Amino acid sequence: MVESILGDTHMKIKEVHISNFKSFKKSSFYLKDFNMILGANGSGKSNFFQIIKFLRDIVDHGLENAIALQGGKEYLMNTTIGDSEPTKIVLNLDPYSGQILKEFKENKKQAIVCDIQTFTYSIELSFKGDEITVKELLNQSFNIEIVERKKSKMETIKKIGEGSTKVTLINGVDYHQDLDLPEDLLKDYEINDNRFKLTEFFYSGTKRLNDFNSMILKNPNVFFGATHNLRDTIANSSVYYIDTNAAKKAVQVIGKTTLEEDGSNLPLILHNITKDKKRSERLTDKIGQLIPFISGVNVEKQPDNSVFFQAEETYQNKATSRFPASLLSDGTINITALIVALFFEKNKDILFFEEPERNIHPQLLSGILSLMKEVSQKKQVILTSHNPYIVKDVDPDNVIFVKRDANGFSKTIAPSENKMFRTFIENELNLEDIFVNDMIFEEN
């Protein structure tokens, strides 16, 4: 029984399966709360983030614009395969939520709930000339249970049965749903199966023209809020690649209250953080864990209504000096932006970091990873890197290698599942040596 059935509605990505996307012919990513994707330059590791960006662009800008932002269909697909095969993305997510179906009048602490067990969404795009066919699938399995609230938790009293639903939607208009429910639910508990049907949301009359704005991915009103969770999980994910030069510049006070993915509005975000004493102290504490001589962050407002930030540096309890961002090292800027993204962006479900170790001394990488692992207890964290130093403090279970095969396709390899890797470890080779010397290979 999911205890958060009345609360947390966030999801994490467990698996990503892709076909004919960018450099991938057919590959899978099996993800945990904390993940590191390792690969040499040009291996295709950054294309994993393009999957997320593409789905998020569909949510934010619509399908046609999302394809255009990838450079057009020619660059969305693998250039070798082309449109001879569809492009397909499958997400298997860890659901955190369900729905109360019925509350008992005689015992208000008890209720019948639908507790979602598995959640899978897939999108398949087929191209024929200028025409595009989009097929979406949404599969969910669930338990129907009687639960009782005990303090802040919901405990299962009785399991009524299991069920599932499968929704197919083509081009936003051709809709079909298969529904399987426990017989006792309808007969003994008088719960109408219309509660499980999605036809009131999707148009089911005369066939219309394609309507990509009615795609499952773009709309929230599907099956007990679960697709709303999917949409928001994708929309509330950020792919950070900090531009330290942009982050050093002054910005106007009016702007986004969330950190830009390149860090370009970092002074504004710091301005908002430092207005609150507790948040400001927490920021200083987190930065100080990595850079002990940083004793504070201040934000100055200029006559033109712009703000820039300064760092206070104190050495061995001597006098404190202030340095404007323009004089700070790129590493200090990068660390500050990473800490803001990790600890002060509250509405983000999944955090992606592309080469977060850039400009940071190898001795500090262990501390960066510790902070990321700390955050991954609540949010999913995924990063890419080609830096061998960053591998030292990572469990092989959290690593995915990406490399090109003989045909130029990107392949994913899980070291912990690789026989050759296990042999190397048994012979006292470490993950860093294996990565640097390219000693891990795909197994058939």
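User: Which residue meets E261 in a salt bridge, and how should I read that pair?

Analyst: Start with the general idea: side chains of opposite charge can pair when their charged atoms come close. In this predicted model, the side chain of E261 meets that of R56 at 2.5 Å, N to O. E261 sits in the loop between β11 (251-252) and α7 (266-274), while R56 belongs to helix α1 (residues 46-61), so the salt bridge ties together parts that are 205 residues apart in sequence.

User: Are E261 and R56 buried or exposed?

Analyst: Buried means under 20% relative accessible area. R56, with 10%, is buried, whereas E261 has 21% and is partly exposed.

User: How many salt bridges are there in total?

Analyst: The count is 10. One of them joins D330 and K248, with the closest N and O atoms 2.8 Å apart. This pair also links distant parts of the chain: D330 is in helix α9 (residues 330-343) and K248 is in the loop between α6 (244-247) and β11, 82 residues away. D330 is partly exposed at 27% relative accessibility, but K248 counts as buried at 17%. Salt bridges can also share partners, as in the network of E300, E312 and R322.

User: What about an uncharged side chain: which partners does Q177 contact?

Analyst: Here we look for polar contacts. The side chain of Q177 makes one with the side chain of T165 at 2.7 Å, and another with that of Y175 at 2.8 Å. Q177 lies in strand β9 (residues 174-180) and counts as buried, at 15% relative accessibility.

How values were computed: Residues numbered from 1 in each chain as written. Predicted model: local features only at pLDDT ≥ 70, side-chain atom pairs only at ≥ 80, totals over all residues. Heavy atoms only, no water. Helix = DSSP H or I, 4+ residues; strand = E, 2+ residues; numbered from the N terminus. Buried < 20%, exposed > 50% of the residue type's maximum accessible area, 1.4 Å probe, protein only. Polar contact = N/O pair within 3.5 Å; in protein donor to acceptor, adjacent residues only side chain to side chain. Salt bridge = Lys/Arg side-chain N within 4 Å of Asp/Glu carboxyl O.
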